[in-house]
Amino acid sequence: MATLWWAATPLAVTGIPVTGLPLPHAAQLAHRLGARVPTSAEWEWMAGGGVRRFPWGDQVPDHRHANLRGLGPGHPTPVRAHATGRTPDGLWDVGGNVWEWTTAPWRRDRVALLRGGSYHSLAQYAECAHANDVPSGIASPGIGLRPVRDTAPTPPTRGDTL
């Protein structure tokens with residue numbers, strides 16, 4: 001499998017995940033950033049490496065790992081709030097806080113797959129293997145986006161503004 005370049009956190013503004021975008025708008029935003037929405041299989045491999053139950057390992061989540069139902073305030077929290085929940089590669093908020101859009105290119109029914117669970121999800125939804133079928137046009141304060149790139153990002157040159 002080719003190396004993919006993952007965003008360290010879901011897309012965020014002032015530290016809070018960007019939400020409320022249906023999949024087509026999330027895909028447009030990712031494209032403008034030089035990235036794309038990952039496939040469901042890519043996301044699952046990033047989250048669990050084929051061996052972990054949860055992004056951080058096999059331990060059932062508590063308030064240190066993720067923002068999930070009963071473990072958080074009931075709304076999105078800052079994307080770097082749960083250091084114990086990082087993946088071994090250092091990616092934040094893969095489980096909990098907000099669902100993440102993924103694509104399912106093998107499906108012809110226009111159903112998308114959400115991954116990772118949200119602040120309103122039970123712990124089992126944060127498991128790496130769990131996927132939730134949803135229509136691609138749905139928008140929710142509990143759904144965000146973690147873009148991925150097929151090529152390494154280029155560092156800004158002197159004088160560029162971010």
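Colleague: Is Asp93 buried or exposed?
Modeller: Keep in mind that this is a predicted model. Asp93 sits in the loop between helix 2 and strand 4. Buried means under 20% relative accessible area. Asp93 falls under that cut-off, so it counts as buried, with a relative accessible area of 3%.

Colleague: And what is the phi of Asp93?
Modeller: Some background helps here. Most residues other than glycine have a negative phi. Asp93 is not a glycine, yet its phi is positive, at about 60°.

Colleague: Which residue in the loop between strand 2 and strand 3 has a phi near 50°?
Modeller: That loop holds Gly15 and also Thr14. The phi value in question is positive and belongs to a residue other than glycine, so with Gly15 ruled out by its name, look at the other one. The residue is Thr14.

Colleague: Is Thr14 buried or exposed?
Modeller: Exposed means over 50% relative accessible area. Thr14 clears that cut-off, so it counts as exposed, at 79%.

Colleague: How does Gly15 count by relative accessibility: buried, exposed or partly exposed?
Modeller: The cut-offs are under 20% for buried and over 50% for exposed, with partly exposed in between. Gly15 comes out at 28%, so it counts as partly exposed.

Colleague: What does Gly15 touch, beyond residues up to four places away in sequence?
Modeller: Gly15 lies in the loop between strand 2 and strand 3. Its C-alpha is 9.4 Å from that of Ala81, although the two are 66 residues apart in sequence. As for what Gly15 touches, the list is Thr77, Pro78 and Val79.

Colleague: Where is Thr77, and what is its relative accessible area?
Modeller: Thr77 is in the loop between helix 2 and strand 4. Beyond residues up to four places away, Thr77 touches Gly15, Ile16, Pro17, Asn67, His82 and Asn97. Thr77 is buried, and its relative accessible area is 11%.

Colleague: What about His65: buried or exposed?
Modeller: His65 is another residue of the loop between helix 2 and strand 4. Leaving aside neighbours within four places, its contacts are Trp56, Gln59, Val60, His82, Thr84 and Gly85. With the cut-off for buried at under 20%, His65 is buried, at a relative accessible area of 2%.

Colleague: Which backbone oxygen lies 3.1 Å from a polar atom of the Arg86 side chain?
Modeller: Arg86 is in the loop between helix 2 and strand 4 and is partly exposed, with a relative accessible area of 36%. Setting aside residues up to four places away, Arg86 touches Pro55, Trp56, Leu91 and Trp92. The backbone oxygen at 3.1 Å from its side chain belongs to Ala83.

Colleague: How many Å separate the C-alpha atoms of Arg86 and Trp106?
Modeller: The two residues are 20 apart along the chain. Their C-alpha atoms are separated by 29 Å.

Colleague: Which strands do the buried residues of helix 2 pack against?
Modeller: Helix 2 covers residues 40-48, and its buried residues are Ser40, Glu42, Trp43, Met46, Ala47 and Gly48. Just after the helix, Gly49 takes a positive phi of about 60°. The buried residues pack against strands 1, 4, 5, 6 and 8.

Colleague: Which element gives the largest share of the largest nonpolar core?
Modeller: In soluble globular proteins, nonpolar side chains tend to be buried together. Here the largest nonpolar core has 13 residues, and Leu23, Val37, Trp101, Leu114, Ile143 and Leu145 have the most contacts inside it. Helix 1, strand 4 and strand 5 each supply at least two residues of this core. The largest share, 4 residues, comes from helix 1.

Colleague: How many residues are in the other core, the one with Trp6 and Trp43?
Modeller: That core lies apart from the largest one, and Leu91 and Val148 are also among its residues. Its count is 9 residues.

Colleague: How many charged residues are in the lining of the largest pocket?
Modeller: The pocket holds about 310 Å³ of space. Its lining is Trp5, Trp6, Ala7, Ala8, Leu11, Leu33, Ala35, Pro147, Arg149 and Pro153. These divide into 9 nonpolar and no polar residues, and the charged count is 1.

Note on methods
Residues numbered from 1 in each chain as written. Predicted model: local features only at pLDDT ≥ 70, side-chain atom pairs only at ≥ 80, totals over all residues. Heavy atoms only, no water. Buried < 20%, exposed > 50% of the residue type's maximum accessible area, 1.4 Å probe, protein only. Contact = heavy atoms within 4.5 Å. 1 Å grid on protein atoms, 1.4 Å probe; cavity = no way out; pocket = protein on both sides within 12 Å on 5 of 7 lines; lining within 4 Å. Points joined across faces, edges and corners; volume = space filled by probe spheres on them. Nonpolar A, V, L, I, M, F, W, Y, C, P; charged D, E, K, R; others polar. Polar contact = N/O pair within 3.5 Å; in protein donor to acceptor, adjacent residues only side chain to side chain. Core = buried A, V, L, I, M, F, W, Y, C linked by side-chain atoms within 4.5 Å.
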